[in-house]
Amino acid sequence: MGNCKNSSRALLGKVHVDPDSEWRMQDFGKTHVPDLEWRINDFSSLVETGAKSATSDTFHCSGYNWHLEVKSMHKKAGSAMPYVALRLVAFRPSLVPGHMVHAVFELSIYNHSRGMYCGCKASYNFDFKNIFSKEHCLIPLQELLKSSAFLVDDSCVFGVEILKIDVSSPEKNAVVVQKKPTTVQNLFVQKKGFVKGTYTWNMNNFLELDLDHFVRSPTFEVGGHKWYVRMYPR
């Protein structure tokens, strides 16, 4: 058992409630410091491209690597309006087969007017085959696009803080937790449209691959950018 940060502070604060839509977020207070701060620039362009989601680069906490995924047009059950939803993703290569990682975390968006993060608290049991937590809706997309509190200069700041980690394993090893400063990342959305190109990756030794690790393709160039493909055999 371990904690990424001291969680003695109050986790629940004021709640935003919009009577015309079924959404609410908790204020986490000005002392809230996320493990990942992810700014998405040109957020409206992300919506215009029709991208279903955007995923951060990895960040490290409690001996594991993680991603934050933002869905800008998530359809909530029972609601016709699209929501901005977040979910935590475990980086599979950092997990151990047979181990279950129970994580308690907070998903949030920064409110510039109030100078604090707002969001929700959640938990999920991650393992080698289940790396995606449930999506958690924070705010309707249209509310966000017209908000001067959450959208400033067409950019939004999202955050995730991992509060607690419990690991269940046959060895029952203790988790060593080390406090680290906030990881800050930026995403810039290209407005010029989609990059088009084709790359073919031939694998001659597919049956000989290590099933517990990913395989990376050679680097290739399309549209003036360099890319590579990661493939997980299972």
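Buried means under 20% relative accessible area and exposed over 50%, with partly exposed in between. The structure examined here is a predicted model.

**Exercise 1. Burial of the chain and of one salt-bridge partner**

Task: Determine whether Glu135 is buried, exposed or partly exposed, and state what percentage of the chain counts as buried.

Solution.
Step 1. The relative accessibility of Glu135 is 22%, and the residue therefore counts as partly exposed.
Step 2. For the chain of 234 residues, 42% count as buried.
Step 3. The secondary structure against which these values may be read consists of 2 helices and 16 strands.

**Exercise 2. A salt-bridge network**

Task: Identify which residues are joined into one network by salt bridges that share partners.

Solution.
Step 1. The count of salt bridges comes to 5. Side chains of opposite charge can pair when their charged atoms come close.
Step 2. One of the salt bridges is formed by Glu69 and Arg87, with the closest N and O atoms 2.6 Å apart. Glu69 belongs to strand S6 (residues 64–75) and Arg87 to strand S7 (residues 82–90), so this pair ties together parts 18 residues apart in sequence. Glu69 and Arg87 are both buried.
Step 3. Another salt bridge brings together the side chains of Lys71 and Glu135, at 2.9 Å from N to O. Lys71 is in strand S6, whereas Glu135 is in the loop between S9 and strand S10 (136–140); the pair links distant parts of the chain, 64 residues apart.
Step 4. Lys71 has a relative accessibility of 17% and counts as buried, whereas Glu135, at 22%, counts as partly exposed.
Step 5. Salt bridges with shared partners join Glu69, Lys71, Arg87 and Glu135 into one network.

**Exercise 3. The surroundings of strand S8**

Task: Establish how many residues of strand S8 are buried, and which strands pair with S8.

Solution.
Step 1. Strand S8 covers residues 100–111; 9 of its 12 residues are buried, so the strand is largely enclosed by the rest of the structure.
Step 2. S8 pairs with S11 in the antiparallel sense, over 10 bridges. In this region Val101 stands opposite Val167 of S11.
Step 3. S8 also runs antiparallel to strand S9 (residues 116–126), to which 11 bridges join it. The bridge partner of Glu106 in S9 is Lys121.
Step 4. S8 and S9 form a hairpin with 4 residues between them, and Gly115 in the turn has a positive phi of about 70°.
Step 5. The loop between S8 and S9 also supplies a salt-bridge partner. The side chain of Arg114 meets that of Asp27 at 2.7 Å, N to O. Since Asp27 lies in strand S2 (residues 24–27) and Arg114 in this loop, the pair ties together parts 87 residues apart in sequence.
Step 6. Asp27 counts as buried at 5% relative accessibility; Arg114, at 32%, counts as partly exposed.

**Exercise 4. Aromatic residues and the nonpolar core**

Task: Classify the aromatic pair of Phe43 and Phe158 as stacked, tilted or edge-to-face, and find which residues have the most contacts inside the largest nonpolar core.

Solution.
Step 1. A pair of aromatic rings is described by the distance of the centres and the angle of the planes. The structure holds 6 such pairs.
Step 2. For Phe43 and Phe158 the centres are 6.2 Å apart and the planes make an angle of 45°. Planes under 30 degrees apart count as stacked and those over 60 as edge-to-face; the pair is therefore tilted.
Step 3. Phe43 is part of helix H1 (residues 43–48) and Phe158 of strand S11 (residues 155–168), so the pair ties together parts 115 residues apart in sequence.
Step 4. Phe43 is buried at a relative accessible area of 0%, and Phe158 also counts as buried at 0%.
Step 5. The largest nonpolar core has 46 residues, and those with the most contacts inside it are Phe43, Trp66, Val84 and Phe158. S11 gives the most to this core, with 6 residues.
Step 6. Trp66 further belongs to one aromatic cluster with Tyr64, Tyr124 and Phe126.

**Exercise 5. Charges over rings**

Task: State which rings have an arginine over the face, and at what distance from the ring centre.

Solution.
Step 1. Arg92 is placed over the face of Phe128, 5.9 Å from the ring centre.
Step 2. Arg216 is placed over the face of Tyr228, 3.7 Å from the ring centre.

Technical notes: Residues numbered from 1 in each chain as written. Predicted model: local features only at pLDDT ≥ 70, side-chain atom pairs only at ≥ 80, totals over all residues. Heavy atoms only, no water. Phe/Tyr/Trp six-rings, centres within 6.5 Å; stacked < 30°, edge-to-face > 60°. Buried < 20%, exposed > 50% of the residue type's maximum accessible area, 1.4 Å probe, protein only. Lys NZ or Arg CZ within 6 Å of the ring centre and 35° of its normal. Core = buried A, V, L, I, M, F, W, Y, C linked by side-chain atoms within 4.5 Å. Pairing = 2+ DSSP bridges. Salt bridge = Lys/Arg side-chain N within 4 Å of Asp/Glu carboxyl O.
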